[in-house]
Amino acid sequence: MRYEKLILGGLSLIVMLAAWWVVTARGIVSEFLLPSPSAVFEALMRLSGGYMGSSLLTHLKASMSVVLSGYGAAVLIGVPLGILMAWARPVDIIFGPLVSILRPIPPPAWIPLAILWFGIDLTGKTFVVFVSAITPCLISAYVGIKNVPPDLISAARTLGASNVALLFQVAIPSALPQIVSGMRIALGSAWATIVAAELVVATSGFGFLIMSGYRNFEANIMAVGMIAIAIIGFAMNALFLEIEKYAIPWRDHE
Amino acid sequence: MVFAGNRGAEPTVAVDKFSFEVKESEFLVIVGPSGCGKSTVLSMTGGLTTPTAGQIYLGAELIRRPGPDKAIVFQNFSLFPWKTVTENIEFGLCLNGVDKAERQRRIGYYIPLIGLQGFENHYPKQLSGGMQQRVAIARSLVLRPRVLLLDEPFAALDAQNRTVMQEELVRVWSEHKPTVVFVTHSVEEAVFLADRIVVMTRRPGRIKEVVNVRETTGEQHWRAIPLDQVMRRNDFQDLRGRIWGLLRNEIVVA
């Protein structure tokens, strides 16, 4: 079963690459619209040496530092806030309406306002990343705590648990799988948002790289940026799934 | 005990005019038709629900809140999925500030007693239903409660496991003989286990009759004998028929 999945998945990737190569090598689609695999590879080589003043590593560092600081702040604020909202009714009453109103605004819609508030440097983008990542953190923590089986609470109370023990030793561990998967979703959301923010205004980062390619009519540069974003996003998700397996050993994985 | 109606519905009188006393080290079984309020009686005895009228005492102390002196074993086991067998059993001890040496001593006593050697570090998900309920019983007994409350503990098990667990419960209980209040809808289970049986009416639950099983069994209670042998006894079958006769008029056909 595992092998089948691996083979079929690999096959679809290979077929796509082959189709890409055929379509560009035969000139069915112009090089201007769709760069050939070799052109993309050549762009990659050029980039590692440095393109428009910065190498691929610089772009990675620029995007990643913004993601990690915005995401970190979102986890530190969103998870405890979600837990408290689910646990203590007054907190829910105070913050609930605010969350409900702000939540439907797509994170990229904050970009212009963030630039106005914080300028075009990293602070504004960190803010937008924070906004995009806090929602999944908060919602998953909230739902996780609300879904703690009432029987577990009853059982713990009959064993002598105080309210503090109920929260920290029963509710939070019980909600942990949901909290962690919310954090994983939040990281994906943060990654998507930083790219969007860099498309609008930036001097480095993968979004900036794509826009540079666009301005110079170099589709292969754009492709390298997109492929890099895909690989890093995939790697972050995979890493997080591994962490979940390690942190939540009582849960069935797969 | 009256439960308020939701959204203008009539309030439900779950239990009414219900008064009984359980003696030290007595094994009392409450049997009644579905929905007669027998679980409500147990939940009030455990301090999880406060009666709207009337009082329940444990010794001289009015029961106001749940606690380890009146531990409950639930129908659905309610083990903490993130804790191993040992950690589940140890949890109540930790909550009540029992020191490490004493915790280890008691765990070392109860794990072999419930036949779970070799499963100390398993998570509940990795255990069968019968094994999970053994852990839940040990989790309660390890606290040395004054009264052990069991709410249809074997209802979720298949017939074979149920028989085994009934015999196991007798064996484990015999070690220290805490006072037991055991709720079930199974007449056979009640007759096999009980010193006295409280037969309840349909809702609103009242006491229909209190049957003293000891009058039939004499000094040597039949619960010490394997169930299949007891089943063949005429006095067992007669008593079973008598209880069933009391109960059958109370069962409302849905």
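This report walks through the fold of chain B, its meeting with chain A, and a few residues worth a look.

## Ground rules

The model is predicted, so please keep in mind that local features need pLDDT of at least 70, that side-chain atom pairs count only at pLDDT 80 or more, and that totals for chains, interfaces and linings use all residues. Residues are numbered from 1 along each chain as its sequence is written, while chains are lettered from A and ligands numbered from 1 in the order in which they are written.

## Chain B overall

Chain B holds 9 helices and 10 strands (DSSP runs numbered from the N terminus, with H or I over at least four residues for a helix and E over at least two for a strand). Its radius of gyration is 18 Å, close to the 18 Å that the globule rule gives for 254 residues, so chain B is as compact as a globular protein of that length. Here the radius is taken over C-alpha atoms, and the rule is 2.2 Å times the number of residues to the power 0.38. Along the principal axes, the C-alpha atoms of chain B fill a box of roughly 50 × 50 × 35 Å.

Of the 254 residues in chain B, 43% count as buried. Buried means that 20 or more other C-beta atoms lie within 10 Å of the residue's own, exposed means 12 or fewer, and partly exposed is in between, with C-beta atoms placed from the backbone. Among contacts in chain B with a separation of 6 or more, 71% come from residues 24 or more positions apart; a contact requires C-beta atoms, placed from the backbone, to lie within 7 Å.

## The sheet and its helices

Six strands of chain B make an open, mixed sheet in the order β6-β7-β8-β3-β9-β10. Strands count as paired if DSSP finds at least two bridges between them. At the edges stand β6 (72–73) and β10 (207–212) of chain B, each with a single partner strand, so one side of each is left without a neighbour in the sheet. Further in, β7 (residues 147–151) and β8 (residues 179–184) of chain B are parallel and share 5 bridges, with B:L148 partnered by B:V180.

Strand β9(B) makes a good landmark: 4 of its 5 residues are buried, so it is largely enclosed by the rest of the structure. Towards β3(B) the pairing is parallel, over 4 bridges, and B:V29 stands opposite B:I197. Towards β10(B) the pairing is antiparallel, over 5 bridges, and B:V198 faces B:V210. A hairpin of 6 residues links β9(B) to β10(B).

Helices pack on this sheet too. Helix α1 (residues 38–45) of chain B touches β3 (27–31), β7, β8 and β9 (196–200) of chain B, and its direction makes about 150° with that of β8(B). Helix α9 (residues 234–248) of chain B lies across β3, β9 and β10 of chain B, at about 20° to β9(B). These axes are lines fitted to C-alpha atoms, for helices over the stretch in contact, and the angles run from 0 to 180 degrees between N-to-C directions.

## Where the chains meet

In the interface, 13 residues of chain A contact 20 residues of chain B. On the chain A side, α7 (150–158) and α8 (163–200) are the elements giving two or more residues, and α7(A) gives the most, with 6. By class, this side has 7 nonpolar, 3 polar and 3 charged residues (Ala, Val, Leu, Ile, Met, Phe, Trp, Tyr, Cys and Pro are nonpolar, Asp, Glu, Lys and Arg are charged, and the others, Gly among them, are polar).

## Core and individual residues

The largest nonpolar core has 124 residues, and A:C137, B:I197 and B:I243 have the most contacts inside it. Such a core is a set of buried Ala, Val, Leu, Ile, Met, Phe, Trp, Tyr and Cys residues joined through C-beta atoms within 7 Å. Its largest share, 13 residues, comes from α8(A). Beyond four places in sequence, the contacts of A:C137 include A:A74, A:G82 and A:M183.

B:V191 sits in helix α6 (residues 187–193) of chain B and is buried, with 29 C-beta neighbours inside 10 Å. Not counting residues up to four places away, B:V191 touches B:V213, B:F236, B:L239, B:R240 and B:I243.

Two non-glycine residues have positive phi: B:R144 at about 50° and B:E152 at about 40°. B:R144 lies in the loop between α4 (129–141) and β7 of chain B, and B:E152 in the loop between β7 and α5 (159–176) of chain B. B:R144 is partly exposed, with 13 C-beta neighbours inside 10 Å, and B:E152 is also partly exposed, with 19 other C-beta atoms within 10 Å.

How values were computed. Contact = placed C-beta atoms within 7 Å.
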